[in-house]
Amino acid sequence: MTDTPEPPRFDGWAEHPAGGPEPDRPGPPRRRHWRRWAAAGAAGVVLAGAGAGWALYAKLSSNIHTDSATERELRKWESERPPAGPPNAQNLLLIGSDSRKGGNGKYGRSHGQRSDTTILLHLAANRKSATAVSIPRDLMVTVPHCQRADGRESAPQTAQFNWAFAFGGAACAIRTAEKATRIRIDHYMIIDFVGFKKMVDAVDGVEVCLPQAVRDDEAHLRLPAGRQTLHGEAALGYVRARKSLGNGSDTQRMERQQRFLGALVKKVQSNGVLLNPTRLYPVLDAATSSLTTDPGLASLRGLYELVRSTRGIPTERVQFLTVPRQEYRYDPNRDELVQPDAGRLFGQLRSDLPVTVEPTRDTGEEPLRAGSGSSDGKPAASPAPSASSGPTFPGTTAEHGICE
């Protein structure tokens, strides 16, 4: 019987000199073809994933409306503006617009644009605290000369704070806030009714507790008494309502807004939204879709860097308060700053020094003048602060929920 000739040997088939596993041998043509297709498929998946990621990034960035006109207007008045604060500390002016344009038309007739809610947000340089200070829309302040939408210039005057936004948009509101506080505003954001509703829905609602049922046709609000989770439309009605909750004052409405925003922050942090891309995307989509901001923040990268730098702030150090104020001496339906309390608050924030808030007693929607510690509108002594915590003001934190 003739021996079968041994097939030729290839170096790649030889046994590994160290006795280990043999290197892969070239397979038959069909297997090689399969590997090529698998490699091509994997590359396609990677490219498709990269393309989808870029598409999502581009969509979120394109959601944001950039307001370059405000930046140009502010540059004109640079010599009048306060100097920049300590490095890395940031001050943002958050403006809730009651504009009736677009999807906001169902909330009533258009009165132009007014700042329904304005908050000065101070982010500490070490990002260990965030302090949100509500500025009452009825606070009497000096509004500087501002350029109006029709190109004319309004004269300097004493007026309600929300008139500044109506007179000259964000630039006028920023300059008015800076004049009252002597704090440099680094960035600003404007969000409307639709944007607020989308934000609440993106986190699947916020829980509130109501001592009694509410019906407010003006705020489009009908709610039963008790503990419940509010979504978009109901949440907007809850923070906008005045006549049907408490005594109808803007004082109580601001306090309600602060507690609601605190609960919203707490829910975002406790649910791990900021660390979960699947849950973060709807929040970013909602936040950007109705947002107008300055060029410095008008990109997903800019907003992400802002959010990333603050996500480690504990909820007990996310603080909410209202500027110390009292009834305006010439009109009880208006407010004026209480001094020296207001100056002390602004000085701490301006220098990036600590501020502490102390949750007020549950007033059952009774009027309470923030910064005064009393319900009669008269200034009262603030609690004695510790040396490390800075002066103390009435307020709340994100840790203190609405139902707690």
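Two residues are in contact when heavy atoms of theirs lie within 4.5 Å. By that rule, residues 24 or more positions apart supply 67% of the contacts in the protein chain that have a separation of 6 or more. The model is predicted. The protein chain has 404 residues, and 46% of them count as buried. It holds 9 helices and 19 strands.

Start with a residue whose contacts reach along the chain. Ile 64 sits in the loop between helix H1 (29-63) and strand E1 (65-66). Its relative accessible area is 7%, so Ile 64 is buried, the cut-off being under 20%. Thr 293 is 229 residues away in sequence, yet the two C-alpha atoms are 7.5 Å apart in space. Thr 293 is also one of the contacts of Ile 64 once neighbours within four places in sequence are left aside. Others include Thr 288, Leu 291, Leu 297 and Leu 303.

Thr 288 leads to helix H7, which covers residues 277-289. Thr 288 is one of the buried residues of H7. Leu 280, Val 283, Leu 284 and Ala 286 are buried there too. The helix has 13 residues, and at 1.5 Å a residue it should span 18 Å. Its end C-alpha atoms are 18 Å apart, which agrees.

Now turn to a pair of helices. Helix H5 runs over residues 232-240 and helix H6 over residues 250-270. Their axes come within 8 Å and cross at roughly 140°. That angle makes H5 oblique to H6. On the H5 side, the meeting residues are Ala 235, Tyr 238, Val 239 and Arg 240. On the H6 side, they are Arg 253, Arg 256, Gln 257 and Phe 260. The contact divides into 4 nonpolar, 1 polar and 3 charged residues.

Strands come next. Strand E10 (residues 206-210) has side chains that alternate. Val 206, Val 208 and Leu 210 point to one face and are buried. Glu 207 and Cys 209 point to the other face and are not buried. E10 pairs with strand E13 (residues 226-230) in the antiparallel sense, over 5 bridges. In E13, Leu 230 is the bridge partner of Val 206.

Another antiparallel pair is formed by strand E16 (residues 325-328) and strand E17 (residues 331-337), with 4 bridges. A hairpin of 2 residues joins E16 to E17. Tyr 328 has Asp 331 in E17 as its bridge partner.

Follow the chain onward from E17. Pro 340 lies in the loop between E17 and H9. The peptide bond from Gln 339 to Pro 340 is cis, with omega near 10°. Helix H9 covers residues 341-350. Of its 10 residues, 7 are buried, so H9 is largely enclosed by the rest of the structure. The buried ones are Asp 341, Ala 342, Leu 345, Phe 346, Gly 347, Gln 348 and Leu 349.

Just after H9 comes Asp 352, with a positive phi of about 60°. Most residues other than glycine have a negative phi, and most peptide bonds are trans. Asp 352 is not a glycine, yet its phi is positive. This residue lies in the loop between H9 and strand E18 (356-359). Its relative accessible area is 21%, so Asp 352 is partly exposed.

Arg 127 also has a positive phi, near 55°, in a residue other than glycine. Its place is the loop between strand E3 (115-123) and strand E4 (130-134). At 12% relative accessibility, Arg 127 counts as buried.

How values were computed
Residues are numbered from 1 along each chain as its sequence is written. This is a predicted model: local features need pLDDT of at least 70, side-chain atom pairs count only at pLDDT 80 or more; totals for chains, interfaces and linings use all residues. Side-chain values use heavy atoms; hydrogens and water are left out. The expected span of a helix is 1.5 Å times one less than its number of residues. Buried means under 20% relative accessible area, exposed over 50%, partly exposed in between (1.4 Å probe, protein chains only). Axes are lines fitted to C-alpha atoms, for helices over the stretch in contact, and angles run from 0 to 180 degrees between N-to-C directions. Angles under 35 degrees count as roughly parallel, over 145 as roughly antiparallel, 65 to 115 as roughly perpendicular and the rest as oblique. Ala, Val, Leu, Ile, Met, Phe, Trp, Tyr, Cys and Pro count as nonpolar, Asp, Glu, Lys and Arg as charged, and the others, Gly among them, as polar. Two strands pair if DSSP finds at least two bridges between them.
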